[in-house]
Structure formats: C-alpha cells, structure tokens
Amino acid sequence: MLGLTDMLKDGAKHFAGKDEAILRNIDATKQLSEITRTSLGPNGMNKMIINHLEKLFVTNDAATIIRELDVIHPAAKMLVMAAQMQEQEMGDGTNYVVTLTGEFLQKAANLLEMGLHPSEIITGFEKAGAKLQEIIESMVVYNLKDITDKKEVSKCLKSAIASKQYGYEEFLSEIITNACLQVLPKKAVNFNIDNVRVTKIPGGGVTDTSVIKGFVIPMDAEGTIKRMEKAKIAVFTMGIDLGRTETTGKVLITNEDELLQFSKGEEDSIRETITAIANTGVKVIISGSTVSELALHYIERFKIMLVRIQSKFQLRRVCKAIGATPLVKLGAPIPEELGYCDEVLVEEIGSTKCCIFRQNKEESEISTIVVRGSTNNILDDIERAIDDGVNVFKGMCKDGRFLAGAGAFEIEASRKLQAFADATPGLSQYAIRQYAEAFEIIPRTLAETSGHDSSKAISNIYAAHTKGNTNHGLDIESGQPKSVLEMDVLDAFASKLFAIKLATNTANTVLRVDQIIMSKPAGGPKPPKMGPTDADD
C-alpha cells in the first residue's frame, strides 16, 4: 500500500495525528514563549543574543529577541509573525502576545491529553475571546482627558517604560512626554512617531539624556564658522563644486598668463555662484555631497556656515526640522525654498561633536532626544524603551482609555471568564475555563521575576478582587496586592485588546493544524536578505 511519502519527492517529511503534529507544534511554541516570558515586566531578565553577523544584543525587549532569533519551525514562526504584527500595529506588547499564546497552547495540550477534540477547544477559545471583547470595555480604570497635559501623559507612559528600564521610568517618561508634545500636531490623531528622533552619544549617564527642539546630527561643521543665530538656510542635495562637462577636451597652455587665466575662469564661476547665494541672506549652507576647497574659501569669506550631510535620509529630516526645500541645482534659491532656524551650532557632547539645529521660538516638526549612556548596549536598550514610549503616546492620541496593569486586569478577566465557563453548557466550558486560567501567567511571571511566591501572590490578588477591589494588582516591591492607580501602573486599552485578539487567533491557528508536510529544502546558496536601507530603520 502506498504511503504519503511514496507520492512525494525523496526527502519529504510528513507528520500527522495528535502526538506527531499538534503536540509537537504546541511544544515548539512553548519553547519560544519560555524564552521571552522571563523578560516580562520591570524585573524581567535580559537575554544575551549573538546573531548570524556576530553582533551582540543584551536586552529584555521581546521584539528584538524574536527578530534576532532565526526561528525555522513553522508553528513557532506563526508566533513570531504574530509578535511582529503587534510590533507594527501598536509598537508595544510583543512579549504579552508571545507569552499569552504559549500559555493558551499549553492549556490546550492539557485538554487534548484529557481527550477533547481540537475543534471543541477552538470553539471554547473563540467563545471565551468573544466574551472578553464584550466585557473588556467595562474594565477600563482610567481615561486620559487632555493629551497636552504633561503630568497626565507622563503618568500613562510610566508603565510602558518601567517594563524596559525599571528605575528610570519617572525620568524617561518626562523626557518622552516633552519630545512628543513639541511635535504634536493640532489634530492629535495625526501624530507621527518618525518626528521624534533619537541620537545616541556614548558617555555620561542615562540621567544626562535631554530633549532638543529641532534636529541633532553627530558630526562637525566644515570650515571655521561653528555657530549661527536666526539663520536662513539653503539645502543643496549635490556637492558645491564646478560642474563637470560630459565631453573631455585637451587644453594646451604655453605660458604662465594662460595658466592664470584658465584657473581664474573657474574661480570667477564659483565666486559668482556663492555671491548670488549670499545675497539672498543665507547664513548656513547644507550640502549633500563634497565641497571643493575653492568653494569653501568663498563660503568662509562671506561668513557663511557650511554643514555637509551625506545621508539623504538625514538631509530629508533636516529639511523637515527647518522647513527648507532641498535643491538639486546649485544657484541662488528663492525665499520660499529657504529654511529658517533660531540657532545652528556645533556643540561637543561628551567627546562627540554634534551639529544642532535648535528652534527656540519657531515651530519644529522634529524633536530629538539625545540619549547618553556608558555602553552601546545601554544606549540601544534606552532607544528601544523610548521607541515603546513614543508608540504608546501615539496610541493615546487615538484612544485615551487604560486598563489596570500589574496583573490586575488579567486576574479580573480570569474571574469573569471562569464564571462564564460555569454558565456554559457542553464540552466547550472546559476550554473556556482553561482559557481563563491562562491569563494567570502574567501576574505569575511578574511575581516570579520579582522573587515572590507566585501562588501566594495570585491567591492574594484573587482575594482582593473578591472583596471588590478590582483594580488591585501585584506590587512588585512588597509582593502584596495594591491599587494600580496608586502605583501608576496603567496599560493601553487598544494595545492589550489587539494583543489578546492576536494571541487567541494564533493559538487557534496552531490548533487547527493536524498534518505537517515538509518538502526537502532546495539546494544551492540562499539569496541574501535585503536589510533596511537606512541606519535608523
């Protein structure tokens, strides 16, 4: 009798049935979720990852961990895709998705061992998910009323930053709030996260981090002029030099007068161009390529500051910060094409020379957070925390509702879903109960990473919730239940809702697979992966 592998090419693998396919998939997702689970919360452990390019990462950011792990197992890859989706949509909550999906599948494995069919488990999970969507709105504990109120915004950001940089959350939340409010448009919904830039400069401590309204580039200005105030700025995308002709020709010079006349023509041409630019009132020139020594000489004579930025991405951002139009042809710009900046100066931060475009009175579309730290790993980690904070701020602009953090929301959701399971007839009630119990993984992990007895902590929170204190979560300092409003531990409503939907869908997708058929991988070299085109991507 022919088997499935006889029909396929040599080297094809086939797994079927509960033990071979479903439980094997669940085991793979459990392994992946175990890696990131211990990084959850303020006291989450760091992971040391060396990727295929031998670059070292020391971080507790789940998005980075998952991105740098080359996962090839198909079921675990689904989990990776769900985490990446959460990162793209919300910018925060990736660890929540991975941990919750892993726990849902672990509970499903228990039910499969008991003899339930996967379709009954899926039905139960879908019912529980739908019920949670109904009741989640009633569990909102805080509403952000005014997005421009620094104190309120800073309070809401604290929780997201504490999970990455515990101890610096007060300081960093204020820094991020200032940076975001500087570039907040009149219609808050249109807030763009790309307008908050991060410049990392080694040296100093994290508390030396500051916000600059404008743009900062870690580079020196050309020439001797290092500072300009109330400056009109011209931006040229090409080099400031004489144009080269397309044809080549020979010039025969017989005496010194001819040689002087020949170079004089070049000099006159450049002088006329720079004079025309200077006559428009330009005080700063930004060039996107090389600047000849002759051009630099005339620029200095007209007391114009020169900055050379070779990255076209950085050039675009500078244009955004100063409101200039990048010009492709060398010549005198019209007033509409010029940018304006209150202050352009070269400042030494640590031992790095930085060119700062600072707007004191004018509106700037870009604000820059200058991050300081002793090592590159710390700088990278602070940048990730800032990135999460800015994403949470963007979420606030669209939806200002917040749920209780510190495991309070999860315990309350678990309580309500267990009551729903008791009222549900049929076999799906077992799946609903296990779905409800899966939420306990969040407070359990928070307690474990903080060094407290997890079973005791969870039972204490359950007791507090039974008494009616439904916004009591785990205080990681004492291990006792405490009001999240007192601790300022708030989780964004939209982010958590999206994470729970993703986790439920991913768990159901993995459970629906009952056969795995893998062809033999094609031989030959693998095509190279295209990386990001910009260093900031």
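In the predicted model, Arg401 is partly exposed, with a relative accessibility of 25%. Arg401 forms a salt bridge with Glu137, and the closest N and O atoms of the two residues are 3.3 Å apart. Glu137 likewise counts as partly exposed, at 48% relative accessibility. Because Glu137 lies in the loop between helix 6 (118-135) and strand 4 whereas Arg401 belongs to strand 13, the pair ties together parts that are 264 residues apart in sequence.

The two strands named here are also joined through the backbone. Strand 4 and strand 13 (residues 401-404) run antiparallel and are connected by 3 bridges. Within this pairing, Tyr142 has Phe402 of strand 13 as its bridge partner. Both strands belong to an open sheet of 3 strands, in the order 4-13-16 and with antiparallel pairing. Strand 4 (140-143) and strand 16 (490-492) form the edges, each pairing on one side only. On average, neighbouring strands of the sheet are turned by 45 degrees against each other, direction ignored.

Salt bridges occur elsewhere in the model as well, with 25 in the structure. Side chains of opposite charge can pair when their charged atoms come close. One such pair is formed by Lys107 and Glu437, whose side chains meet at 3.9 Å, N to O. Lys107 lies in helix 5 (residues 94-114) and Glu437 in helix 14, so this salt bridge ties together parts that are 330 residues apart in sequence. The two partners differ in their exposure: Lys107 is buried, with a relative accessible area of 15%, whereas Glu437 is partly exposed, at 25%.

A salt bridge within a single helix is provided by Arg384 and Asp381, with the closest N and O atoms 2.8 Å apart. These residues are 3 residues apart in helix 12 (residues 376-398) and are therefore separated by about one helical turn. An α-helix has 3.6 residues a turn, so residues three or four places apart point the same way. Arg384 is buried at 14% relative accessibility, and Asp381 is buried with a relative accessible area of 10%. In addition, Arg227, Glu229, Glu343 and Arg358 are joined into one network by salt bridges that share partners.

Helix 14, which contributes Glu437 to the pair with Lys107, is largely enclosed by the rest of the structure, because 8 of its 11 residues are buried. The buried positions are Ser428, Gln429, Ala431, Ile432, Gln434, Tyr435, Ala436 and Ala438. These residues pack against helix 5, helix 6, helix 13, helix 15 and helix 18. Gln429, found in helix 14 (residues 428-438), has polar links to backbone atoms that precede the helix in sequence. Its side chain reaches the backbone oxygen of Gly426 at 3.3 Å, and a polar atom of the Gln429 side chain lies 3.5 Å from the backbone oxygen of Thr424. Leaving aside neighbours within four places in sequence, Gln429 is in contact with Ala421 and Thr424.

In soluble globular proteins, nonpolar side chains tend to be buried together. The largest nonpolar core of the model has 54 residues, and those with the most contacts inside it are Phe104, Ile121, Tyr435, Phe439, Ile500 and Leu511. At least two residues of this core are supplied by each of helix 2, helix 5, helix 6, helix 13 (408-422), helix 14, helix 15 (441-449), helix 16 (454-466) and helix 18 (493-511). Beyond its neighbours within four places in sequence, Leu511 is in contact with Ile22, Ile26, Leu105, Ala108, Pro118, Ile121, Ile122 and Phe125. Apart from this core lies another, of 32 residues, which includes Val153, Cys180, Ile386 and Met396.

Helix 2 (residues 17-37) also contains Leu23, which is buried with a relative accessible area of 17%. When neighbours within four places in sequence are left aside, Leu23 is in contact with Lys18, Ala109, Leu112 and Glu113. The C-alpha atoms of Leu23 and Glu437 are separated by 20 Å, and these two residues are 414 residues apart along the chain.

Technical notes: Residues numbered from 1 in each chain as written. Predicted model: local features only at pLDDT ≥ 70, side-chain atom pairs only at ≥ 80, totals over all residues. Heavy atoms only, no water. Pairing = 2+ DSSP bridges. Helix = DSSP H or I, 4+ residues; strand = E, 2+ residues; numbered from the N terminus. Axes fitted to C-alpha atoms, helices over the stretch in contact; angles between N-to-C directions. Buried < 20%, exposed > 50% of the residue type's maximum accessible area, 1.4 Å probe, protein only. Contact = heavy atoms within 4.5 Å. Polar contact = N/O pair within 3.5 Å; in protein donor to acceptor, adjacent residues only side chain to side chain. Salt bridge = Lys/Arg side-chain N within 4 Å of Asp/Glu carboxyl O. Core = buried A, V, L, I, M, F, W, Y, C linked by side-chain atoms within 4.5 Å.
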